[in-house]
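Here is a set of short exercises to work through with the model open in your viewer. Try each task before you read its solution.

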Amino acid sequence: MNGLNTGLFCTLKTIFAAWLLVSGLSPAIAADQAPHRRPNILFIMTDQQRWDCLGANGNKIILTPNLDRLARQSANFTHAFVQSPVCVPSRVSFFTGRYPHSHKNRVNYTPLDKGEILMQARLKDAGYTTASVGKLHLFPPTVKEAKRTGFDIVELHDAVPYLDQFSDYVKWRDQHDPHKKIRYRAYAKNIEAGSNPFRAAIDEAYTDTAWVGQRTRHHLKELASKDKAFFLYSSFWKPHSPYEIPVPYDRMYNKIDIPLPKLTTLEDIKRLPPPLQKLILRGKKPPHDMDRKRLQWIYRSYYAAISQIDKEIGLILKTLEETGQAGNTIIAFSSDHGDQLLKHGMMGKNAFFEESVRVPFIISYPGHVRPKQYDELVETIDLMPTLFELAGLPEPKKNQGRSLAPLISDTGENYRPRDAVFSENIIPEVITRGQDFYFEKGKGIKGVRYPDAKMIRTRRWKYIYYPDGYSELYNMKTDPDEYNNLAGRPDHTHIEHEMKTKLLHWMVTADAPDQIAPKWLVP
């Protein structure tokens with residue numbers, strides 16, 4: 001580990017051990033409580049967290065003791081893939097159990113089809129009290145719309161400046177933070193040389209990460225005191241950019257050199273398919289040649305944001321234990337997509353590289369789910385049918401996911417493993433605020449006539465199809481970093497044909513539950 005100071009690392013480990021003592025968490029969540037109702041469901045989500053930025057997933061640098069402990073007590077999936085590497089389409093897929101081309105939320109800030117029924121509505125119909133804290137990213141971004149989709153209790157914060165008028169976090173901060181006039185994303189001033197340039201201007205206690213944790217714990221206590229089962233969605237905005245990070249987390253990784261991706265040149269980018277080139281090179285100053293010192297601070301701040309969230313999750317899990325409901329609560333943890341962090345010259349997401357589409361995916365249910373690491377290929381649309389089967393609820397007909405319960409629990413049924421996972425996205429991304437990446441009928445985006453790209457990934461191969469005639473093919477066994485595009489090479493024509501055929505079969509069959517009625521309908 002380059003530049004890793006052993007003494008400092010041990011000190012950081014000691015700090016995190018102290019977290020565990022403060023939280024008072026037992027080594028394992030008790031499983032001996034006799035359930036008196038359907039199991040509760042606690043779904044915790046982060047925004048833009050890569051699958052490999054978790055200690056339990058093999059990262060030896062990042063400090064995530066609470067999530068690591070949860071992973072040890074859970075089914076921890078190492079090969080979970082989102083159905084779209086962008087916020088809204090991915091989140092709607094989580095909550096509908098349906099692919100983006102089916103639910104039709106393909107880009108951010110587009111309204112949900114009123115015909116789509118989300119997880120919270122189905123759980124509410126089953127007798128659950130439903131609550132949401134943090135980022136929802138629905139449109140319109142209002143409490144009224146969130147309640148229309150099935151939430152009984154809503155506290156919103158989408159963390160976009162022009163949406164702050166709808167933010168419960170902003171209202172809370174206005175009432176509690178003595179420095180409320182400072183923007184919650186502002187960087188501190190007069191930062192000394194050699195310190196984190198992304199130090200936040202506001203105190204940790206008033207960050208949106210702390211607010212989500214605090215309000216989640218509040219509602220957890222309230223919901224657990226009632227007789228009804230509850231579904232609580234706790235949605236953190238971080239580690240999404242920008243990278244402001246409060247004291248003391250701003251210095252947590254100061255002396256650690258986190259491995260950075262190799263430098264991507266403009267020539268490297270020009271070898272990629274044109275839609276991907278346009279995505280990476282968008283904006284006035286594309287970041288592919290970013291200063292490496294600045295990138296190192298971005299990585300440190302990104303890691304620190306996850307560590308701050310981990311602290312809040314530890315306190316949430318402690319509160320759950322204190323309510324007496326830990327043994328009767330299913331816990332799910334995941335993220336809506338990853339972050340390239342300049343891998344392949346790109347910041348953010350929207351591409352099909354592993355850094356964007358592969359996410360942490362953890363499911364816990366004491367006494368019911370077998371704790372271990374699972375390496376099967378899974379899709380995030382599998383979450384809803386899994387939760388429903390574990391809760392003893394029927395699987396919704398229009399759901400396109402596959403329950404993982406037979407794999408991780410003793411259901412008496414055989415699990416049918418996936419041989420491939422799928423994802424889809426508009427590439428280049430539609431950006432109509434500050435950039436002229438508009439979609440025009442008959443013209444597409446920036447000369448890309450059909451920007452709707454599709455991905456299929458098997459154990460060995462990843463294939464990406466662009467309708468304008470471009471493609472990518474990577475051997476994930478010999479080229480896990482996806483630097484060697486094999487598409488178009490004569491010796492791989494048969495592989496391309498096979499993957500394209502699988503992709504076509506998926507597109508034709510995925511919507512069968514929508515299109516084939518269970519019986520003749522008579523008016």
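**Exercise 1. The cavities**

What volume does the second largest cavity have? Work it out, then compare its lining with that of the largest cavity.

*Solution.* Some ground rules come first. This is a predicted model, so local features need pLDDT of at least 70 and side-chain atom pairs count only at pLDDT 80 or more, while totals for chains, interfaces and linings use all residues. Residues are numbered from 1 along each chain as its sequence is written, and side-chain values use heavy atoms, with hydrogens and water left out.

Step 1: The second largest cavity has a volume of about 70 Å³. A cavity here is a set of points, on a 1 Å grid over the protein atoms alone, where a 1.4 Å probe fits but cannot get out. Grid points are joined across faces, edges and corners, and the volume is the space filled by probe spheres set on the points.

Step 2: Its lining comprises 13 residues, and Thr207, Asp208, Lys238, Glu244 and Pro246 lie nearest the centre. Lining residues have an atom within 4 Å of a point. By class, the 13 residues split into six nonpolar, three polar and four charged. Ala, Val, Leu, Ile, Met, Phe, Trp, Tyr, Cys and Pro count as nonpolar, Asp, Glu, Lys and Arg as charged, and the others, Gly among them, as polar.

Step 3: The largest cavity comes out at about 130 Å³. There are 16 residues in its lining, with Arg91, Val92, Leu136, His137 and Leu138 nearest the centre. Helix α3 (residues 87-96) gives the most, four residues. The classes are ten nonpolar, four polar and two charged.

Step 4: In total, the structure has five cavities of 30 Å³ or more.

**Exercise 2. The pockets**

Find which residues lie closest to the centre of the largest pocket, then do likewise for the second largest.

*Solution.* Step 1: A pocket is an open set of grid points with protein on both sides within 12 Å along at least five of seven lines. The largest pocket has a volume of about 1,400 Å³. It is lined by 45 residues, and His240, Ser241, Arg282, Lys349 and Glu429 are closest to its centre.

Step 2: Helices α10 (274-280) and α11 each put at least two residues into that lining. Sorted by class, the lining of the largest pocket has 24 nonpolar, twelve polar and nine charged residues.

Step 3: For the second largest pocket, the volume is about 490 Å³. Its 18 lining residues include Arg402, Arg418, Phe422, Trp506 and Thr509, which lie nearest the centre. Two elements, α15 (493-509) and α16 (512-515), give two or more residues to this lining, and α15 gives the most, with four. The classes are eight nonpolar, five polar and five charged.

**Exercise 3. Two helix pairs**

Decide whether α7 and α8 are roughly parallel or roughly perpendicular, then classify α2 with α11.

*Solution.* Step 1: Helices are DSSP runs (H or I, at least four residues), and strands are too (E, at least two), numbered from the N terminus. Axes are lines fitted to C-alpha atoms, for helices over the stretch in contact, and angles run from 0 to 180 degrees between N-to-C directions.

Step 2: The axes of α7 (residues 168-176) and α8 (residues 208-224) come within 11 Å and cross at roughly 100°. The pair is therefore roughly perpendicular, given that angles under 35 degrees count as roughly parallel, over 145 as roughly antiparallel, 65 to 115 as roughly perpendicular and the rest as oblique. Asp168, Tyr169 and Trp172 of α7 make the contact (heavy atoms within 4.5 Å) with Asp208, Trp211 and Gln214 of α8.

Step 3: Helices α2 (residues 65-72) and α11 (residues 292-323) have axes 7 Å apart, at an angle of about 55°, so α2 is oblique to α11. Pro65, Asn66, Leu67 and Leu70 in α2 meet Asp310, Lys311, Ile313, Gly314 and Leu317 in α11.

**Exercise 4. Backbone oddities**

Which peptide bonds to Pro242 and Pro428 are cis?

*Solution.* Step 1: Most residues other than glycine have a negative phi, and most peptide bonds are trans.

Step 2: The bond from Ser241 to Pro242 is cis, with omega near 5°, and Pro242 sits in the loop between β5 (230-239) and α9 (266-270). Another cis bond joins Ile427 and Pro428, with omega about 5°.

Step 3: Tyr109 is not a glycine, yet its phi is positive, about 60°.
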